[in-house]
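Me: I would like a close look at a single part of this protein. Keep it brisk, and start with a little context.

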Amino acid sequence: MDFALSACEATASITKDEKQARVRMGFSLQVLNPERWVEVPLMSEGVALSYLRLDGEPANVYRKNGRHWIALRGQGSHSVSLEYLVPVNENRGSHVTYLRFPQAP
């Protein structure tokens with residue numbers, strides 16, 4: 001394994017128009033491979049990533065194979081915070097959405 005993720009803490013709120021959920025989450029990321037770049041998949045398709053911070057600073061993210069990724073080099077621990085929007089569907093008076101979480105290795 002090149003990386004490990006801690007448990008996620010997440011909060012979700014529904015926008016005023018009830019068409020989207022705004023999800024904020026934070027977790028720790030441990031890069032285990034000291035010798036090469038490590039690609040870390042963060043979020044899957046179906047979300048609009050609003051922001052991403054790595055160790056409190058804005059971070060670059062890219063899309064590959066339908067996911068949002070970051071690439072890191074150097075062994076160590078990082079704090080990740082991100083926010084994304086996901087659609088809310090209405091079905092017979094109920095509002096439903098599915099939260100996405102980073103996929104652990």
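What share of the 105 residues in the protein chain is buried? And which side chains of strand β3 point to which face, and which strands does β3 pair with?

Reply: This is a predicted model. Buried residues make up 31% of the 105 residues in the protein chain. The chain has 11 strands and zero helices. Its C-alpha trace spans about 55 × 25 × 20 Å along the principal axes. Of the contacts with a separation of 6 or more, 69% link residues 24 or more positions apart.

Now strand β3, residues 20-31. In a regular strand, side chains alternate between the two faces of the sheet. β3 shows this alternation. A21, V23, M25, F27, L29 and V31 point to one face, and they are buried. Q20, R22, R24, G26, S28 and Q30 point to the other face, and they are not buried.

Next, the partners. Strand β1 (residues 3-5) runs antiparallel to β3, with three bridges joining them. There, F3 has V31 as its bridge partner. V31 is one of the buried residues of β3.

Strand β2 (residues 9-14) is also antiparallel to β3, through six bridges. I14 of this stretch stands opposite A21, another residue on the buried face. The hairpin of β2 and β3 has five residues between the strands. In that hairpin, E18 takes a positive phi near 60°.

Strand β9 (residues 76-87) pairs with β3 over 12 bridges, again in the antiparallel sense. Here R24 has E83 in β9 as its bridge partner. R24 points to the face whose listed residues are not buried.

How values were computed:
Residues are numbered from 1 along each chain as its sequence is written. This is a predicted model: local features need pLDDT of at least 70, side-chain atom pairs count only at pLDDT 80 or more; totals for chains, interfaces and linings use all residues. Side-chain values use heavy atoms; hydrogens and water are left out. Helices (H or I, at least four residues) and strands (E, at least two) are DSSP runs, numbered from the N terminus. Buried means under 20% relative accessible area, exposed over 50%, partly exposed in between (1.4 Å probe, protein chains only). Contact means heavy atoms within 4.5 Å. Two strands pair if DSSP finds at least two bridges between them.
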